[in-house]
Amino acid sequence: MAENEERMEKTIAALKDSFNAIRTGRANAAIFDKVRVDYYGNKTPLNQVATIQIPEARSVIIAPFDKSLIGEIEKAIQSSDLGLNPSNDGKVIRIQIPSLTAERRQELVKQAKASAENSRTAIRNIRRDGNETLKKQQKAGELTEDGLKSETDKLQKLTDKYIDEINKIYDAKEKEILQN
């Protein structure tokens, strides 16, 4: 049971990471989590080579620890699929987050919905694997029929709890995307 719950927790964490990468009309440091900068031959996460500040709702300032990296950081942001245009003044990189069109908002909602559905499927697969394990334990004599029913019910309650959590996370992300 604990192993199943741990796998479900990881699924929720993966969904949250996926949602953090979906850009809304507001500035958010988490959208840069997947941006990797070429730092002396190594692909390094942006937040390890620079500070990311959000001074206003629609602007981001990225200050590299090493000023010689400014060009690499700019290239990494441009080549990411975030659709952002960085500009640098030699010291920091400034990014204005454009407001989203209604069409783009709908695309992002679809993307979020697909991620949420993939997570629900993953949770159901974990439940299926858990049920198979329980049935094997019953066949091996490690579990009585009543014990099997009890454990199956617990697993179903756990599944329902995590599916509800996915729905709440998705609803919040959808609201955030559609908000002007």
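How do the residues of the lining of the second largest pocket divide into nonpolar, polar and charged? There are three nonpolar, four polar and four charged residues in that lining. The model behind this report is predicted.

## Pockets

Start with the second largest pocket. It holds about 160 Å³ of space. Its lining includes Met1, Glu3, Asn4 and Arg7. Asp129, Gly130, Thr133, Leu134 and Gln137 also belong to the lining, as do Glu151 and Leu155. Helices α1 (2–20), α3 and α4 (145–178) each give at least two lining residues. The largest share, five residues, is from α3.

Now the largest pocket. Its volume is about 260 Å³. The lining counts 14 residues. Nearest the centre lie Ala21, Ile22, Asp81, Leu82 and Gln111. Helix α3 (residues 102–139) again gives the largest share, here four residues. By class, this lining has six nonpolar, four polar and four charged residues.

A word on how such space is found. Rolling a probe the size of a water molecule over the atoms shows where empty space is left.

## The four-stranded sheet

Which order do the strands of the open sheet follow? The order is β3-β4-β6-β5, and the pairing is antiparallel. β3 (50–56) and β5 (86–88) stand at the edges with a single partner strand each, so one side of each has no neighbour in the sheet. From one strand to the next, the twist averages 25 degrees.

The pairings are set out below.

| Strand pair | Sense | Bridges |
|---|---|---|
| β3 and β4 | antiparallel | five bridges |
| β4 and β6 | antiparallel | four bridges |
| β5 and β6 | antiparallel | three bridges |

β3 leads into β4 through a hairpin of two residues. Across this pair, Gln53 stands opposite Ile61 in β4. Ile61 also stands opposite Arg94 in β6. At the β5 edge, Pro86 has Ile95 of β6 as its bridge partner. Strand β6 itself covers residues 93–96.

Helix α2 (residues 70–79) lies across β3, β4 (59–64), β5 and β6. The helix runs at about 170 degrees to β5.

## Strand β4, covered on both faces

Why is β4 described as largely enclosed by the rest of the structure? Six of its six residues are buried, so the rest of the structure largely encloses the strand. In a regular strand the side chains alternate between the two faces of the sheet. For β4, both faces are covered. Ser59, Ile61 and Ala63 are buried on one side. Val60, Ile62 and Pro64 are buried on the other.

Ser59 makes a good close-up. This residue sits in strand β4. Its relative accessibility is 6%, and buried means under 20%, so Ser59 counts as buried. Setting aside residues up to four places away in sequence, Ser59 touches Gln53 and Ile54. Its other contacts of this kind are Ala27, Ile95, Gln96 and Ile97.

## Two arginines

Is Arg120 buried or exposed? With a relative accessibility of 12%, Arg120 counts as buried, because the cut-off for buried is under 20%. The residue lies in helix α3. Beyond residues up to four places away in sequence, Arg120 touches Ile163, Ile166 and Asn167.

Arg36 is found in strand β1 (residues 36–39). Its relative accessible area is 39%, so Arg36 is partly exposed. Its contacts, leaving aside neighbours within four places in sequence, are Lys43, Thr44, Pro45 and Ala76. What separates Arg36 and Ile73 in sequence and in space? They are 37 residues apart in sequence and 8.2 Å apart in space, C-alpha to C-alpha.

Methods: Residues numbered from 1 in each chain as written. Predicted model: local features only at pLDDT ≥ 70, side-chain atom pairs only at ≥ 80, totals over all residues. Heavy atoms only, no water. 1 Å grid on protein atoms, 1.4 Å probe; cavity = no way out; pocket = protein on both sides within 12 Å on 5 of 7 lines; lining within 4 Å. Points joined across faces, edges and corners; volume = space filled by probe spheres on them. Nonpolar A, V, L, I, M, F, W, Y, C, P; charged D, E, K, R; others polar. Pairing = 2+ DSSP bridges. Axes fitted to C-alpha atoms, helices over the stretch in contact; angles between N-to-C directions. Contact = heavy atoms within 4.5 Å. Buried < 20%, exposed > 50% of the residue type's maximum accessible area, 1.4 Å probe, protein only.
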